[in-house]
Amino acid sequence: MTADVHGPGACAPTPPVRGATRGGQADVAEPTAGYAPAPGRLVVAAALLDDAGRVLAARRREPPAYAGMWEFPGGKVEPGEGALDALVRECREELDVEIEVGPWLGEVNLARPGWVLRVWFGRVTCGDPRIVDHDELRWLAAAELDDVAWMPADGPLVERLREVLTGEDPLDWPGT
């Protein structure tokens, strides 16, 4: 059951935010240098961070081959939809939250030929993440990233996430 996102006290939909920086150096929300459209299907996800610098991991309940594995929340970009708009929509549908899209984390090719996963940092701006499509949610600190079994495609991105979370340069968000 999902919450009535249009009822009293509901979060107003938030547009994706572009232009976040890292350590004073601009990171654009969508990659530009060397950027090429996904050749097949594009999947987007968010490494959602809380104020303590933990990332939200979501445990899949299906399909059976991936049940019990952990991932960054997100999903498929629909035809005619922008990647960042899809990311905001997917977090709304999967977690019942509004998010702010931040700096780019990375991209990996998925097992299905032509499918690409692109991941951005993000943070929740309205609501508390709740279980809608997954069977468990967990906030993980950098030291806890290995405590869960990540989806194979997320592995390289988890390593990049660890570098960012433990690095000297903090992520700089717009308006901070």
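Which residue takes a positive phi in the hairpin of E7 and E8? I looked that up before anything else. Gly114 does, with phi near 85°, and the hairpin has six residues between the strands. A reminder to myself: this is a predicted model.

**Overall count**

I went through the secondary structure next. The chain comes to two helices and ten strands. Read along the sequence, I get the pattern β-β-β-β-β-β-α-β-β-β-α-β. The chain has 176 residues, and 42% of them count as buried. I also checked the contacts between residues at least 6 apart in sequence: 71% of these join residues at least 24 apart.

**The four-stranded sheet**

I traced an open sheet with the strand order E6-E3-E8-E7 and mixed pairing. Strands E6 (74-76) and E7 (98-109) stand at the edges with a single partner strand each, so one side of each has no neighbour in the sheet. On average, neighbouring strands here are turned by 20° against each other, direction ignored.

Then I took the pairings one by one. E3 (residues 42-48) and E8 (residues 116-126) run parallel and are joined by seven bridges. In that pair, Ala45 stands opposite Val119 of E8. E7 and E8 pair in the antiparallel sense, over nine bridges. Trp104 has Trp120 as its bridge partner in E8.

How many of the twelve residues of E7 are buried? Ten are, which leaves the strand mostly covered. I noted that next to its place at the edge of the sheet.

**Helix H1**

H1 (residues 83-95) lies across E3, E6, E7 and E8, and runs at about 65° to E3. I checked its length: 13 residues reach 18 Å from first C-alpha to last, close to the 18 Å expected at 1.5 Å a residue.

Why call H1 largely enclosed by the rest of the structure? Ten of its 13 residues are buried, so the description holds. I listed the buried ones: Ala83, Leu84, Ala86, Leu87, Val88, Arg89, Glu90, Cys91, Glu94 and Leu95. Arg89, Glu90 and Glu94 are in that list too, and I marked them for a second look. The buried residues of H1 pack against E3, E4, E6, E7, E8 and strand E9 (136-140).

Asp96 follows H1 and is found in the loop between H1 and E7. Its phi is near 60°, a positive value in a residue other than glycine. I asked whether Asp96 was buried or exposed. With a relative accessible area of 15%, Asp96 is buried; the cut-off for that is under 20%.

**Helix H2**

H2 (residues 155-166) lies across E3, E7 and E8, and runs at about 125° to E7. For its twelve residues I expected a span of 16 Å at 1.5 Å a residue, and the end C-alpha atoms are 17 Å apart, which agrees.

I pulled out the buried residues of H2 as well: Leu157, Val158, Leu161, Arg162 and Val164. Seen down the helix axis, the buried residues of H2 fall within an arc of 165°, so they line one face. The face turned away from that buried side carries the exposed residues Glu163 and Thr166.

**Cores**

Which residues touch the most other members of the largest nonpolar core? Phe72 and Trp150 do, in a core of 24 residues. The elements giving two or more residues to this core are E3, strand E4 (55-59), E7, E8 and H2. H2 supplies the largest share, four residues.

I followed Phe72 further, leaving out residues up to four places away in sequence. Its contacts include Ala45, Val119, Trp150, Leu157, Val158 and Leu161. So far I have Ala45 and Val119 from the E3-E8 pair, and Leu157, Val158 and Leu161 from the buried list of H2. Asp154 is also among the residues Phe72 touches.

Apart from this core lies another, of 19 residues, among them Leu84, Ile99, Val101 and Trp104. Leu84 was already on my list of buried residues in H1.

**A cis peptide**

Last lookup: a cis peptide bond joins Glu62 and Pro63, with omega about -10°. Pro63 is found in the loop between E4 and strand E5 (70-71).

Conventions
Residues are numbered from 1 along each chain as its sequence is written. This is a predicted model: local features need pLDDT of at least 70, side-chain atom pairs count only at pLDDT 80 or more; totals for chains, interfaces and linings use all residues. Side-chain values use heavy atoms; hydrogens and water are left out. Two strands pair if DSSP finds at least two bridges between them. Axes are lines fitted to C-alpha atoms, for helices over the stretch in contact, and angles run from 0 to 180 degrees between N-to-C directions. Contact means heavy atoms within 4.5 Å. The expected span of a helix is 1.5 Å times one less than its number of residues. Buried means under 20% relative accessible area, exposed over 50%, partly exposed in between (1.4 Å probe, protein chains only). The arc is that of the directions from the helix axis to the C-beta atoms. A nonpolar core is a set of buried Ala, Val, Leu, Ile, Met, Phe, Trp, Tyr and Cys residues joined through side-chain atoms within 4.5 Å.
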